[in-house]
Amino acid sequence: MQLLDGKITSDQIKEELKSKVDAIKSNGGKIPHLAAVLVGDSGAAVTYVNAKVKACELVGFKSTLVKLPETISEADLLAKVAELNADKDIDGYIVQLPLPKHIDEQKVTEAISPDKDVDGFHPTSLGKMVLNLPTYLPATPYGIMQLLERNGIETAGRHCVVMGRSHIVGSPMSILMARNTNPGNATVTMVHSRTKNLKELTLQADILIVAIGKPEFVTADMVKEGAVVVDVGIHRIDDASKKSGFRLLGDVKFDEVAPKTSYISPVPGGVGPMTIASLLMNTLQAAALK
Ligand code: NAP
């Protein structure tokens with residue numbers, strides 16, 4: 001078994017980005033600028049946004065963190081989005097999800113200018129992805145494609161089972177793996193909570209990508225010997241023995257599944273860092289398109 005180490009792979013990407021930013025700087029070009037909108041201050045979202053801002057600094061991007069109160073109205077958030085769309089200095093921005101219940105996430109997502117949609121969630125970005133046209137790919141699936149490619153995982157002609165059909169992970173993931181690209185060209189099965197013969201299908205997977213949001217759901221008896229397993233899940237589990245008070249688990253029961261696999265991504269240190277690296281790649285792309 002080998003680890004699909006997202007920390008090492010994302011560090012390589014960040015090094016490459018840093019060299020590109022250095023070159024832009026020495027040529028007197030405009031430094032890429034990413035903004036992140038954070039509504040409220042709930043634990044996980046704050047951690048994710050801070051990690052994104054820190055990653056920007058590391059590669060030499062400019063970053064702006066827009067903090068808004070949990071009680072902000074939908075209209076005021078949409079006004080902020082319009083402001084960011086019009087801001088000529090900002091190349092791309094994200095609105096960290098989830099948003100408070102009183103705000104319609106889809107409405108906000110659709111208000112983001114597709115030119116600045118570096119999370120790749122806008123219907124225009126997703127539509128272009130389906131058509132294999134140049135666009136911003138959704139950060140997590142894009143990160144997984146990079147993780148597979150940069151670790152030399154062959155995908156063409158292999159059976160990939162994607163668990164989960166969310167708009168941000170499972171659905172775009174299944175489309176990217178099926179596209180006529182490299183990586184891609186896989187035979188894809190997508191499963192979800194209404195799938196009846198789940199284990200029968202997961203056992204056929206040469207590549208199993210798990211994004212269901214259920215801690216340690218995938219057990220060894222669900223995985224074929226020699227499969228490649230990518231675990232997208234992140235769960236904070238209370239753990240008094242840790243200084244932080246919690247530990248992180250994935251959707252896969254790592255200890256028992258890992259020995260059966262050829263490659264497996266750990267949690268933490270797998271898909272999470274790759275998602276951030278993809279966001280940075282999309283931001284550089286946004287800056288280059290200006
Ligand atoms: P989500 O929106 O809750 O979607 C979960 C999907 O899994 C749904 O399609 C659901 O089916 C399916 N599902 C749930 N239980 C299932 C079961 N027992 N068998 C088969 N399918 C099942 O979650 P998400 O946003 O895609 O995120 C999934 C996980 O990835 C979460 O743990 C999240 O925290 C993590 N995540 C990590 C990153 C990262 O950067 N590492 C990024 C995004 C998300 P239905 O559609 O039928 O309900």
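## Where N50 sits

Helices here are DSSP runs of H or I with at least four residues, numbered from the N terminus. With that in hand, N50 is easy to place: look for it in helix α2. Keep in mind that you're looking at a predicted model.

Is N50 buried or exposed? Neither label quite fits: with a relative accessible area of 39%, N50 is partly exposed, because that middle category lies between the 20% limit for buried and the 50% limit for exposed. N50 also sits 9.7 Å from L38, C-alpha to C-alpha, and the two are 12 residues apart in sequence.

## Helix α1 and its two sides

Now scroll to helix α1, which has 21 residues and runs over residues 6-26. From its first C-alpha to its last it reaches 30 Å, close to the 30 Å expected at 1.5 Å a residue. At the start of α1, a side-chain oxygen of D5 comes to within 2.9 Å of the backbone nitrogen of K7. After the helix comes G28, with a positive phi near 75°.

Which residues of α1 are buried? They are G6, T9, S10, I13, K14, L17 and V21. These residues lie on the same side of α1 because they cover an arc of only 135° around the axis. Here's the general idea: an α-helix has 3.6 residues a turn, so residues three or four places apart point the same way. The cover over the buried residues of α1 includes α2, α6 and α10. Over on the other side of α1, E15 and S26 are exposed.

## A strand, a helix, a strand

Strands β5 (residues 159-163) and β6 (residues 187-191) run parallel, and 5 bridges join them. One spot to look for is M163, which stands opposite V191 in β6. To get from β5 to β6, the chain passes through helix α7 (residues 170-178), and this β-α-β crossover is right-handed.

## Unusual spots in the loops

Two prolines are worth a click. The peptide bond from N182 to P183 is cis, with omega near -5°, and P183 is in the loop between α7 and β6. V267 and P268 are also joined by a cis peptide bond, with omega about 0°; P268 belongs to the loop between β11 and α10.

Next, some backbone angles. N132 isn't a glycine, yet its phi is positive, about 60°. N132 lies in the loop between α5 and α6 and is partly exposed, at 38% relative accessible area. E216, another residue other than glycine, has a positive phi near 50°. You'll find E216 in the loop between β7 and β8, where it is partly exposed, at 30%.

Terms used: Residues numbered from 1 in each chain as written. Predicted model: local features only at pLDDT ≥ 70, side-chain atom pairs only at ≥ 80, totals over all residues. Heavy atoms only, no water. Expected span 1.5 Å × (residues − 1). Buried < 20%, exposed > 50% of the residue type's maximum accessible area, 1.4 Å probe, protein only. Arc of directions from axis to C-beta. Contact = heavy atoms within 4.5 Å. Polar contact = N/O pair within 3.5 Å; in protein donor to acceptor, adjacent residues only side chain to side chain. Pairing = 2+ DSSP bridges. Right-handed = clockwise from strand over helix to strand, strands pointing away.
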